[in-house]
Amino acid sequence: RESRAVDISGCWSGQWYSCKNGHHGPMTATLCKMDDAHYSATFRGRFWKIFPFRYSTVLTVTSEDASTIHLSGSTYLGRMFGTFSYNAAVTESCFDANFNSCRDWGKFEMSRCWSPCSQ
């Protein structure tokens, strides 16, 4: 397998949006390459404007080309929230993902942090 043209490891910052109920909030992510097929991802943000969240998951590379890496994964966030599944398209500067669970669906829209993460 050839090396990727895009390195998506590092810090990302932006927003999450619920398409079900219109809720949204800030979000950051830190991606770290585990091997050619997996990235560890830690997401942080807030919902309902005041409640912080943080969770980690492993995202699997499902396809890639010279400019975009496609990732998928899922995370169980407890009985209250259930399992969230993700599909993302990541370029050098944009992280766009769709998420869904039995109770919610929406998107993450983030851009590359060009300064070190303060997490």
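Leaving aside its neighbours within four places in sequence, which residues is S18 in contact with? Keep that one in mind while you get your bearings; the model you have open is a predicted one.

Start with the whole fold. Colour by strand and you'll see 8 of them closing into a barrel, running β1-β2-β3-β4-β5-β6-β7-β8 with antiparallel pairing. On average, neighbouring strands in this sheet are turned by 25° against each other, direction ignored. As background, strands of a sheet pair through backbone hydrogen bonds, either parallel or antiparallel.

Now select β2 (residues 24-35) together with β3 (residues 38-47): these two pair in the antiparallel sense over 8 bridges. For one of the rungs, pick K33 and look across to Y39, its bridge partner in β3.

Next, jump to S18, which sits in strand β1 (residues 10-18). Its relative accessible area is 6%, and because that is under 20%, S18 counts as buried. Show side chains here: a polar contact of 2.9 Å joins those of S18 and N21. And back to the opening question: beyond four places in sequence, S18 is in contact with H23, F99, D104, W105 and G106.

Last stop, S85, in strand β6 (residues 83-90). Buried or partly exposed? At 27% relative accessibility, S85 is partly exposed. Draw a distance from its C-alpha to that of S74: you should get 4.1 Å, although the two residues are 11 apart along the chain. Then select what S85 touches, again skipping residues up to four places away: G73, S74, N98, F99 and N100. F99 should look familiar, since S18 is in contact with F99 too.

Key. Residues are numbered from 1 along each chain as its sequence is written. This is a predicted model: local features need pLDDT of at least 70, side-chain atom pairs count only at pLDDT 80 or more; totals for chains, interfaces and linings use all residues. Side-chain values use heavy atoms; hydrogens and water are left out. Helices (H or I, at least four residues) and strands (E, at least two) are DSSP runs, numbered from the N terminus. Buried means under 20% relative accessible area, exposed over 50%, partly exposed in between (1.4 Å probe, protein chains only). A polar contact is a pair of N or O atoms within 3.5 Å; within protein, one must be able to donate a hydrogen and the other to accept it, and residues adjacent in sequence count only if both atoms are side-chain atoms. Contact means heavy atoms within 4.5 Å. Two strands pair if DSSP finds at least two bridges between them. Axes are lines fitted to C-alpha atoms, for helices over the stretch in contact, and angles run from 0 to 180 degrees between N-to-C directions.
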